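Biologist: I am new to looking at protein models. Could you show me how to read one, step by step?

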Amino acid sequence: MSLASVRAFFAEKASEIPVIESTVSSATVVLAAEAYGVEPARIAKTLSLRVGDRVVLIVASGTARMDNKKVKAAFGGKPKMLGLDEVAEITGHEVGGVCPFGLKTPLPVYCDVSLKAFDVVVPAAGSTHSAVRITPDRMAELTAAEWVDVCEVRSQADVSP
């Protein structure tokens, strides 16, 4: 489903944005940056969280780290990362390919302000070998995302492979 559902999402909502595929894995921020020729901070990673009884997706810069206190203040509860099986079951995307597009279950999407530092970011596109190049504002618009400040930005040197 994953890659196909993302392709269908863009065909319907933004046909001018192509889904790009890589022959190498882009399952981590570092691998994605290498695969698509950008610095790790431009990779738009999607965090799948449970806060209380609801699941939310937060899209943030690849070098940003979720700040639990900020998330708790913004969402009213302690965040917990979804387990591997839960991620695939709820989003329809495998870990390493999770994105806010073409979701199996409609979920609230939030874009962290760390993305605003870039004109174009590169989120996954439903698989560990696909992505799109998109402006942060267009991504937020297409996914009906709200902007939040729930991450701390780290330097490139702090990102582990």
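Modeller: Let us go from the whole chain down to single residues. Keep in mind that this model is predicted.

Biologist: How many helices and strands does the chain have?

Modeller: Begin with the elements: the chain has five helices and 10 strands. Then look at how they pack together. The radius of gyration is 14 Å, close to the 15 Å that the globule rule gives for 161 residues, so the chain is as compact as a globular protein of that length. Along its principal axes, the C-alpha trace spans about 40 × 35 × 30 Å.

Biologist: What share of the residues counts as buried?

Modeller: A residue counts as buried when its relative accessible area is under 20%. Here that applies to 53% of the 161 residues. The accessible surface of the chain is about 7700 Å², and carbon and sulfur atoms make up 53% of that surface.

Biologist: And how do I read contacts along the sequence?

Modeller: Ask how far apart the partners sit in the sequence. Among contacts between residues at least 6 apart, 66% join residues at least 24 apart. Sequence and space are two separate scales, and one pair shows both: L84 and S130 are 46 residues apart in sequence, and their C-alpha atoms are 19 Å apart in space.

Biologist: Where is L84 placed, and is it buried or exposed?

Modeller: L84 belongs to helix α4, which covers residues 84-91. Exposed means over 50% relative accessible area, so L84, at 60%, counts as exposed.

Biologist: Can we try a loop residue next? Where is S22 found?

Modeller: S22 is in the loop between β1 (20-21) and α2 (29-36). With a relative accessible area of 13%, S22 is buried. Leaving aside residues up to four places away in sequence, S22 touches A35, Y36 and H129. The side chain of S22 also reaches the backbone oxygen of V24, at 3.0 Å.

Biologist: What about backbone angles? What is phi of A144 near?

Modeller: For phi, check the sign and the residue type. Phi of A144 is near 55 degrees, a positive value in a residue other than glycine. A144 lies in the loop between α5 (136-143) and β9 (146-148), and with a relative accessible area of 64% it is exposed.

Biologist: One last feature: how many charged side chains are there, positive and negative?

Modeller: Count each kind, then compare where their centres fall. The chain has 17 positive and 19 negative side chains, and the centres of these two sets are 5 Å apart.

Notes. Residues numbered from 1 in each chain as written. Predicted model: local features only at pLDDT ≥ 70, side-chain atom pairs only at ≥ 80, totals over all residues. Heavy atoms only, no water. Helix = DSSP H or I, 4+ residues; strand = E, 2+ residues; numbered from the N terminus. Rg over C-alpha atoms; globule rule 2.2 N^0.38 Å. Buried < 20%, exposed > 50% of the residue type's maximum accessible area, 1.4 Å probe, protein only. Contact = heavy atoms within 4.5 Å. Areas by Shrake-Rupley, 256 points an atom, 1.4 Å probe, with all protein chains shown as cover. Lys, Arg positive; Asp, Glu negative; His and termini not counted. Charge placed at Lys NZ, Arg CZ, Asp CG, Glu CD. Polar contact = N/O pair within 3.5 Å; in protein donor to acceptor, adjacent residues only side chain to side chain.
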